[in-house]
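This report follows one strand and its pairing partners, and then turns to a single residue elsewhere in the chain.

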Amino acid sequence: MAASYFDVDGTLVTTNLVHPTFFYLLNQPTPLHSVAKLGRALFKAPWMALAETRDRRLFNELLFTSYEGLSEDRLLSLAEEAFETVMKPKLYPGAKDLVQVSRDKGHDVILVSGALDFLMQLLADHLGATGVIANRLEIKDRFATGKLLRPVVAGPEKARLVREHARGHGHDLDECFAYSDSYSDVPMLSIVGHPAAVNPDRRLSLLANAYHWPIIHLAA
Amino acid sequence: MTHPCLVTIDSRSAPRVLFSGDQLVEVDLPTGTRVVYPKPPIEALKDVDAAIRYAINHPHNSEPLYAKLKPGMKVTIAIDDISLPLPPMRKPDVRERVLTIVLRLLADHGVDDVEIIIATSVHRRMKPFEVRHIVGDRIFGAYWPKKLYNHDAENPAGMKYLGTTEEGEEVELNKRAVESDLVIYVNLNFVPMDGGHKSVAVGLCGYRSLQAHHNPKTMRACHSYMDPSSSALATSVERMGRLTNKHLNVFTIETTVNNRMFDRPLEFLAKNEDDLTGTERSALRALTFTLSKLPQAARQAIFQKVPSPYGVTGVFAGETEAVHKHTIRRSYDQYLVPVSGQADILVSGVPYISPYNVNSFLNPLLVQCMANGYLFNLYKGVPMVKKGGTMIILHPCTDQFDNEHHAPYIEFVHRLLPETRDAMELHKRYEKKFASNPAYIEMYRSGHTYHPAHPFYMWYWGEAGRQHLGRMIVVGADNEYIPKLMGWETARTMDEALRMAKHTAPPRPEILALHTAPMLMTEMSARDARPAGETSSQPPLA
């Protein structure tokens, strides 16, 4: 059986990691908590912007420090609302079809994302995906430490995780598919036999054209 | 007495000018070579709208369209896509004229539930500007995109299984059409292969149904594609169409066009080079020179962006088979040039356009489809070239693809063809899996990309030619890799190609050349081409 590996942010949904993070920051126990959290996040914004241009993994780690101090209960209880209000309305038209076609062809469908695992699981359930490879927050004494558990799902690490997943589930990578919108996912796209660019950024678009990878415009 | 469109080259003949993609190339053909030219365009109908009204009011083997209409009924109109005609015809497209009259008639009879489907089958979805060109601004504005849209053969909820023919062919069609009280098909017949039952049974079907006839076995049994009475493909489609018409109330409207592909300034391209006036000769020389200096994109724009002034030569309506008989007859009137005697060597330029590259590049797989498929099959009767003979084509065979329209073609050419050229093996080993590639299917459904099964069909399309021909030599290829992938030999010049072909031809080979485009067809008979006494006067080749 082949597998299809989907990047999520920008590929299946128009949102990115920042949107659900903002949702959580805005939904603190009190407005004062929210203001404090947002202030701290804004203070880190320039560093995050710089990290985004250099290293996606560093960006992820900086962004998720905003979750420090949030209780596990709160994270999980707000997850459904975050998904319904932030992610679900931002699904690209056709995203569900694309996942469904892959399922119809008997593919294992895995969402591979730098977003948090509990949110990705809700998206997977909604789309009919069979698995999730996503970031996990470190929880200590029922509170998030703001650190990510290893391995951090980003950039080249995605490729290693996909390869590991394929090996573990008996998938031949030559037969597998991968979909992404971002040049940062080229390592993941390069290890499968059937890479495809979905709503690609300019650099990925150039690369996809050069290598004749299929280019899908879900927003069309 | 030979037909005026069949010209024999003598020692005083001017060089012939043939298409090599979007360039023109001068070639010296040996004395005795017979060159088939397109027939002059048949005079177009003077009042097309009146002809349309007459046709739908006096249909063949059917009650008039107005008599089929009841207020509140559900009507689906299906129309041919942009692959017909080539290049697209100048506005107003005849489909717009037919639709205008039919839609008015429907409105007059209280029929409001009307949807127009572009019968693309597994072709790429047409872009809004292409649809607008076909149906006109008014209809486009009123119906697009909710009530005027492209067929989607991969929408499980949009297809409905009708049944299976006595030969086991599964018929699955567009659900909206199946569930309609009346289906009106508006066809534009460009070649005799188009129209008839193919319109609904292929245009509105999907991969499940296409497998019945779009396969190497059926294509090998076609002699030729352009002669429905000798085409296994047409026979299979006919069976499926008959089953379709048992379940659906189909009213067919078919139209034919003449072969006025080039407007006045370029009309000389269809003429015998010996008959060109001084001005035309200069214009031809200037055009050839200009094309050789222009970049490819500019050449493509010159030939593809300018619509052709095709004239409507016939409108026929009624029951599918009864209508199609008239259409075929009219089509043959325009195209058939009688030629007696098969050739040992067939020469043809491959022009820049095919039904599958409107507004894009004729990629190597389509060059193959044109050469082994369409051009080889431009005959009725016996093949133009003897079994095991040689075909010489002119084309650069550039390794270039339109990444959007032909995405699956690229993988087919560069990943599958290096594995095997055997159509049967490609069909058995690769087709089903390739055709279900989710990325390509999504590109077909949401983009403007041919279905992943389509590159296989393009290869199968060449199957009759491949099985019949002994050799294919391509002149002017800009690379060796693509011709080798196709199983072709290469030559730098026509002289060299003819010398190569002579190695496997009889001592004084018969050479036949096709001077296309515009479109032409030969009505071939097998008897010896050379009348008694003429043979000795023909000098041997080279």
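In this predicted model, strand E14 (residues 343-351) of chain B and strand E16 (residues 385-394) of chain B run parallel and are joined by 6 bridges. Within this pairing, B:Ile345 has B:Thr390 of E16(B) as its bridge partner. E14(B) also runs parallel to strand E19 (residues 511-514) of chain B, with 4 bridges between them, and here B:Val347 stands opposite B:Ala513. A further parallel pairing, over 2 bridges, links E14(B) to strand E2 (residues 16-21) of chain B, where B:Gly21 lies opposite B:Pro351 of E14(B).

The pairings of E14(B) can be set out side by side.

| Partner of E14(B) | Residues | Sense | Bridges |
|---|---|---|---|
| E16(B) | 385-394 | parallel | 6 bridges |
| E19(B) | 511-514 | parallel | 4 bridges |
| E2(B) | 16-21 | parallel | 2 bridges |

As for its surroundings, 9 of the 9 residues of E14(B) are buried, so this strand is largely enclosed by the rest of the structure.

The residue to consider next is B:Glu489, which is found in strand E18 (residues 489-491) of chain B. B:Glu489 is partly exposed, its relative accessible area being 28%. Leaving aside residues up to four places away in sequence, B:Glu489 touches B:Arg471, B:Met472, B:Ile473, B:Val474 and B:Met500, and with B:Arg471 there is also a polar contact of 2.7 Å between the two side chains. B:Ala212, by comparison, is separated from B:Glu489 by 277 residues in sequence, and the C-alpha to C-alpha separation of the two is 33 Å.

Methods:
Residues numbered from 1 in each chain as written. Chains lettered and ligands numbered in written order. Predicted model: local features only at pLDDT ≥ 70, side-chain atom pairs only at ≥ 80, totals over all residues. Heavy atoms only, no water. Buried < 20%, exposed > 50% of the residue type's maximum accessible area, 1.4 Å probe, protein only. Pairing = 2+ DSSP bridges. Contact = heavy atoms within 4.5 Å. Polar contact = N/O pair within 3.5 Å; in protein donor to acceptor, adjacent residues only side chain to side chain.
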